[in-house]
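Please load the model in a viewer and keep the selection panel at hand. The tour proceeds from one selection to the next.

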Amino acid sequence: MAWRFLVPRSIPSANAHIVNGNHAGTASKYRSFRNVWAADLRTCKQVLKIPDATGKRLVTITRLMGKGQREYDYDNLVAGSKAVVDAMKPTSSRCGRQTLGASLIVDDDPASVLVTYLQEKADNGQPATLITIEDVS
C-alpha cells in the first residue's frame with residue numbers, strides 16, 4: 001500500500017533554533033514543534049485511514065518551496081526534517097497517558113524506515129510538505 005498527502009506546513013532549515021535543541025529552551029521549542037507535526041500527521045492518518053506501521057516503510061518527504069524560497073543545502077533539509085520523522089514514530093507523553101506520535105513508522109532506525117528527501121517548487125507558490133508513505137513487502 002502507498003499513501004500520499006500534503007501538510008500545509010513548511011520544513012524549517014536546520015539553521016533555525018527550533019531544529020537544534022541542545023539547550024533546555026530550544027529543546028522545549030523542538031518538542032512543541034514535533035508535537036504540532038504529530039498532530040498534523042495524526043489527522044492525515046485518520047482521514048486517509050492509514051494503519052499503524054507494523055513493518056518497514058519507505059517515506060518520501062518533499063519540501064514544497066513557496067514563491068521566492070530557495071533550495072536548502074541537503075544537510076539542512078535532512079536536519080530540518082528531523083521533527084517530521086520523529087513525529088511519525090509512536091511516542092507518548094511523559095506521563096504515558098496520551099499518544100503523541102502518529103505511528104506511521106515503527107521507529108526511525110534503518111531497519112524500520114528508509115527516508116528520501118526532495119525539494120520542489122510548489123505549483124501554487126505556497127510552502128508545504130508532501131509526504132508519501134509505502135509499505136515494504
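Select Lys45 first and display its surroundings: leaving aside neighbours within four places in sequence, Lys45 is in contact with Ile50, Pro51, Asp52, Ala102, Ser103 and Leu104. The model is a predicted one. Lys45 lies in helix H1. Is this lysine buried or exposed? With a relative accessible area of 13%, Lys45 falls under the 20% limit, so it counts as buried.

Next, select Ser103, one of the contacts of Lys45. Ser103 is found in the loop between H3 and E3. Its phi is near 60°, a positive value in a residue other than glycine. Ser103 is buried, its relative accessible area being 12%.

Now move to Lys49, in the loop between H1 and E2. Lys49 also has a positive phi, of about 55°, although it is not a glycine. Its relative accessible area is 68%, so Lys49 is exposed, whereas Ser103 is buried.

Turn then to the strands, and select E4, residues 128–135. Which strands pair with E4? Strand E1 (residues 2–7) is joined to E4 by six bridges, and the two run antiparallel. Strand E2 (residues 57–65) is joined to E4 by eight bridges, again in an antiparallel arrangement. To check the register in the viewer, label two pairs:

- Arg4 and Thr132, which stand opposite each other, the latter in E4.
- Leu64 and Ala128, which are bridge partners, the latter in E4.

Colour E4 by accessibility as well. Six of its eight residues are buried, so E4 is largely enclosed by the rest of the structure.

For the interior, select Phe5, Leu41, Val59, Ile61, Met88 and Ile131. In the largest nonpolar core, which has 28 residues, these six touch the most other members. The elements that give two or more residues to this core are E1, helix H1 (24–48), E2, helix H3 (82–88), strand E3 (113–121) and E4. Which of them supplies the largest share? Helix H1 does, with six residues.

Finally, centre the view on Phe5 and show its contacts, leaving aside neighbours within four places in sequence. Phe5 is in contact with Leu41, Cys44, Leu48, Ile50 and Leu104, and also with Thr129, Leu130, Ile131 and Ile133. Ile50 and Leu104 lead back to the starting point, since both appear among the contacts of Lys45 as well.

Methods
Residues are numbered from 1 along each chain as its sequence is written. This is a predicted model: local features need pLDDT of at least 70, side-chain atom pairs count only at pLDDT 80 or more; totals for chains, interfaces and linings use all residues. Side-chain values use heavy atoms; hydrogens and water are left out. Buried means under 20% relative accessible area, exposed over 50%, partly exposed in between (1.4 Å probe, protein chains only). Helices (H or I, at least four residues) and strands (E, at least two) are DSSP runs, numbered from the N terminus. Two strands pair if DSSP finds at least two bridges between them. A nonpolar core is a set of buried Ala, Val, Leu, Ile, Met, Phe, Trp, Tyr and Cys residues joined through side-chain atoms within 4.5 Å. Contact means heavy atoms within 4.5 Å.
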